[in-house]
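Notebook open, structure loaded. I want to go through the ligand site, then a handful of residues one by one.

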Amino acid sequence: MARKKIALVGAGNIGGTMALVLAQKQLGDVMLIDIAEGVPQGKALDVMESRLPMNIAAVIAGSNSYDDLAGSDVVIVTAGVPRKPGQTRNDLIGINLPIIKQVGEAIKTKAPNAFVIVVTNPLDAMVYAMQKITGFAKEKVVGMAGVLDSSRLACFVAMELGVSADDVQATVLGGHGPDMVSLYNSVSVGGIPLPQLMDKETFAKISKRTADAGTEIVQLLKTSAFYSPAICSVRMAEAYLLDKKSVLTCAAKLDGEFGVKGGLYCGVPVVMGAGGVEKIIEIEMTEEEKAAFAKSVASVKEQCDFVDTQIK
Ligand code: APR
């Protein structure tokens with residue numbers, strides 16, 4: 001059986017990291033595509049030259065042409081600009097929406113059967129635009145944010161309790177912005193419900209840090225995070241390619257689920273397998289969490305309304 005093909009549109013910080021991780025995990029051949037001349041080719045060659053010590057056979061290639069999307073099983077999109085200190089994700093919409101339009105039109109014609117994962121910010125609006133532009137089934141177009149936000153929450157809970165982060169299960173819902181919602185009752189530590197281990201006040205501080213985690217890194221790094229977004233995107237590609245039926249929080253299209261109408265994209269728990277988003281899981285929330293989720297959805301709606309004015 002031929003290896004799967006994974007195209008990465010955007011060969012910047014996240015794209016380059018994903019190429020390395022995908023190669024290491026042997027999930028398929030990787031095609032890096034970027035408008036910057038030499039960058040995708042150079043990064044691809046750099047990863048290619050590490051194949052002997054990595055003990056892998058996958059082919060990693062770079063290109064400046066969207067024609068090389070052809071035959072892709074998965075396309076992961078990071079094309080666009082990242083945040084600089086002082087910028088919110090929403091500040092990027094005017095620059096990144098035309099880029100998503102260009103990339104989406106190329107995916108539609110060159111890779112009509114691909115599973116598309118969008119990472120470019122502002123995430124919820126960009127994935128909404130991508131599905132609108134490609135016209136692909138909603139199950140085949142998702143956004144990467146909830147996996148990252150949940151991983152950040154798990155990290156901070158583990159740091160607070162002094163336990164291993166891989167023993168922590170956590171769920172963060174809503175838009176990928178400052179009003180994302182961390183669910184207290186949905187965190188477990190080695191199977192133990194978090195309310196037995198941590199009081200609500202401490203959790204409130206941790207959930208605030210989670211919501212601001214991207215900004216914390218932008219302030220330190222002067223650009224946005226890339227290792228963890230890359231790893232979390234690969235996790236989603238892996239769930240699809242290996243038909244894992246993984247339960248992950250992703251930006252998925254909502255047509256009435258969680259009471260959200262209008263086809264908005266928002267972070268919710270899904271089952272991800274070979275069918276893409278195979279199921280949306282409508283978990284129970286407290287009244288307080290429901291109100292916070294509604295506020296987050298309202299922010300996402302504002303962004304999507306803007307997309308609707310630009311893309312018919
Ligand atoms: N087609 C292909 N690639 C493009 C296009 C385009 N139309 N426009 C820009 N790019 C490329 C840039 O040349 C750059 O190499 O996208 C790449 C983006 O890489 P970085 O600037 O390093 O940004 P990165 O940190 O990877 O983040 C990318 O993901 O998490 C989000 O907020 C982040 O929107 C940002 C995106």
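**Entry 1, the ligand.** Before reading off any polar contact, I fix the cut-off: a pair of N or O atoms counts if the two lie within 3.5 Å. I also keep in mind that this is a predicted model.

With that cut-off I looked up Tyr-66: one of its polar side-chain atoms sits 2.7 Å from a nitrogen atom of the ligand. For Asp-34 I got 2.6 Å, from a polar side-chain atom to an oxygen atom of the ligand. Asn-121 also turned up, with an N or O atom of its side chain 3.0 Å from a ligand oxygen.

How much of the ligand's accessible area does the protein cover? I read 87% of the 730 Å² that the ligand has on its own.

Next I asked which elements give two or more residues to the shell around the ligand. My note says helix H1 (13–25) and helix H4 (93–110). H4 gives the most, with three residues.

I then went through the shell itself. It has 20 residues, and those that come nearest to the ligand are Asn-13, Ile-14, Asp-34, Tyr-66 and Gln-102. By type I find nine nonpolar residues, ten polar and one charged.

**Entry 2, the cis peptide.** Back to Asn-121, which I had met at the ligand through its side chain. I checked the bond that follows: Asn-121 and Pro-122 are joined by a cis peptide bond, with omega about 0°. I placed Pro-122 in the loop between strand E5 (115–118) and helix H5 (123–134).

**Entry 3, aromatic pairs.** How many aromatic pairs does the structure hold? I have four in my notes. One of them is Phe-226 with Tyr-227, tilted, at 4.6 Å centre to centre and 45° between the planes. Are the two partners buried or exposed? Phe-226 has 17% relative accessibility, so I log it as buried. Tyr-227 has 59%, so that one goes down as exposed.

I also looked at Phe-258 and Phe-293, again a tilted pair, with 5.5 Å between centres and 45° between planes. This pair links distant parts of the chain, 35 residues apart. I find Phe-258 in the loop between strand E12 (246–254) and strand E13 (264–273), and Phe-293 in helix H10 (residues 287–310). Both Phe-258 and Phe-293 are buried.

**Entry 4, Ala-36.** I took Phe-293 as one end of a distance check. Its C-alpha is 39 Å from that of Ala-36, and the two are 257 residues apart along the chain. Ala-36 is in the loop between strand E2 (29–33) and helix H2 (39–48). I noted 30% relative accessibility for Ala-36, so it counts as partly exposed.

**Entry 5, helix H9.** I picked two residues here. Glu-238 lies in H9 (residues 227–241). Why do I call Glu-238 buried? Its relative accessible area is 13%, and buried means under 20%. Skipping residues up to four places away in sequence, I see Glu-238 touching Lys-25, Leu-27, Asp-243 and Lys-244.

Leu-241 is in H9 as well, and at 16% relative accessible area it is buried. Beyond its neighbours within four places in sequence, I list Lys-4, Ile-6, Leu-27, Asp-73 and Val-74 as contacts of Leu-241. I also ran a distance to Asn-13: the C-alpha atoms of Leu-241 and Asn-13 are separated by 23 Å, with the two positions 228 residues apart along the chain.

**Entry 6, Thr-249.** I found Thr-249 in strand E12, buried with a relative accessible area of 8%. Its contacts, leaving out neighbours within four places in sequence, include Gly-146, Val-147 and Ser-150. Also among them are Thr-171, Val-172 and Leu-173, as well as Gly-267, Val-268 and Pro-269.

**Entry 7, positive phi.** Which residues other than glycine have a positive phi? I wrote down two cases. Asn-55 has phi near 60° and lies in the loop between helix H3 (51–54) and strand E3 (60–63). With 65% relative accessible area, Asn-55 is exposed.

Lys-245 has phi of about 55°, and I place it in the loop between H9 and E12. At 41% relative accessible area, Lys-245 is partly exposed.

Conventions: Residues are numbered from 1 along each chain as its sequence is written. This is a predicted model: local features need pLDDT of at least 70, side-chain atom pairs count only at pLDDT 80 or more; totals for chains, interfaces and linings use all residues. Side-chain values use heavy atoms; hydrogens and water are left out. A residue is near a molecule or strand if one of its heavy atoms lies within 4 Å of it. A polar contact is a pair of N or O atoms within 3.5 Å; within protein, one must be able to donate a hydrogen and the other to accept it, and residues adjacent in sequence count only if both atoms are side-chain atoms. Accessible areas come from the Shrake-Rupley method with a 1.4 Å probe; for residues, only the protein chains shown count as cover. Helices (H or I, at least four residues) and strands (E, at least two) are DSSP runs, numbered from the N terminus. Ala, Val, Leu, Ile, Met, Phe, Trp, Tyr, Cys and Pro count as nonpolar, Asp, Glu, Lys and Arg as charged, and the others, Gly among them, as polar. Buried means under 20% relative accessible area, exposed over 50%, partly exposed in between (1.4 Å probe, protein chains only). Rings of Phe, Tyr and Trp (its six-membered ring) pair if their centres lie within 6.5 Å; planes under 30 degrees apart count as stacked, over 60 as edge-to-face and the rest as tilted. Contact means heavy atoms within 4.5 Å.
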